[in-house]
Amino acid sequence: MRLYNLLEKDTQIIIEHRNNMNNVLNELLYNASYVCCNFEICEKTILKADCVTSKYRDVEYCFCNYDCEGNGMWSIRYDYRKKHRRNI
């Protein structure tokens, strides 16, 4: 800590800023790299690169495996149809 106190105030501010930003950047990296499985029963956290993707009505959904994709897409389509059935 003595060496830190000997530094100029501007340098101390830069060091503090880097330490604070490290936590923010780690959180940003996590949020950019991971997503939850869109199957409502599963909701497992997975890497975006490893997920199975499916599109319905121009919305992309991510699933952890093909079983979740099949069940999840059925559920998404069912909920969509049910919602629009009520609005008629």
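Select Cys 62 to start: at 12% relative accessibility, this residue counts as buried. The model is a predicted one. Now show the sulfur atoms. The closest cysteine sulfur to that of Cys 62 is in Cys 51, at 3.3 Å, and a disulfide requires the two within 2.5 Å, so this pair is too far apart for a bond.

Move to Cys 36, which is partly exposed, with a relative accessible area of 44%. Its sulfur has its closest cysteine sulfur in Cys 37, and because 8.5 Å separates them, they are too far for a bond. By this rule the count of disulfides comes to 0.

Keep Cys 37 selected and add Tyr 61, Phe 63, Cys 68, Met 73 and Ile 76. These have the most contacts inside the largest nonpolar core, which has 13 residues. Colour strand S4 (59-63) and helix H3 (66-86) next: these are the elements that give two or more residues to this core.

Within that group, centre on Tyr 61. Leaving aside neighbours within four places in sequence, Tyr 61 is in contact with Asn 38, Val 52, Thr 53, Ser 54, Tyr 56, Met 73 and Ile 76.

Last, two loops. Go to the one between strand S1 (34-36) and strand S2 (45-47), where Glu 43 is placed. Glu 43 is not a glycine, yet has a positive phi of about 55 degrees. Its relative accessibility of 52% makes Glu 43 count as exposed.

Then select Arg 57, in the loop between strand S3 (52-56) and S4. Arg 57 also is a residue other than glycine with a positive phi, near 55 degrees. At 54% relative accessibility, Arg 57 counts as exposed.

Technical notes:
Residues are numbered from 1 along each chain as its sequence is written. This is a predicted model: local features need pLDDT of at least 70, side-chain atom pairs count only at pLDDT 80 or more; totals for chains, interfaces and linings use all residues. Side-chain values use heavy atoms; hydrogens and water are left out. A nonpolar core is a set of buried Ala, Val, Leu, Ile, Met, Phe, Trp, Tyr and Cys residues joined through side-chain atoms within 4.5 Å. Buried means under 20% relative accessible area, exposed over 50%, partly exposed in between (1.4 Å probe, protein chains only). Helices (H or I, at least four residues) and strands (E, at least two) are DSSP runs, numbered from the N terminus. Contact means heavy atoms within 4.5 Å.
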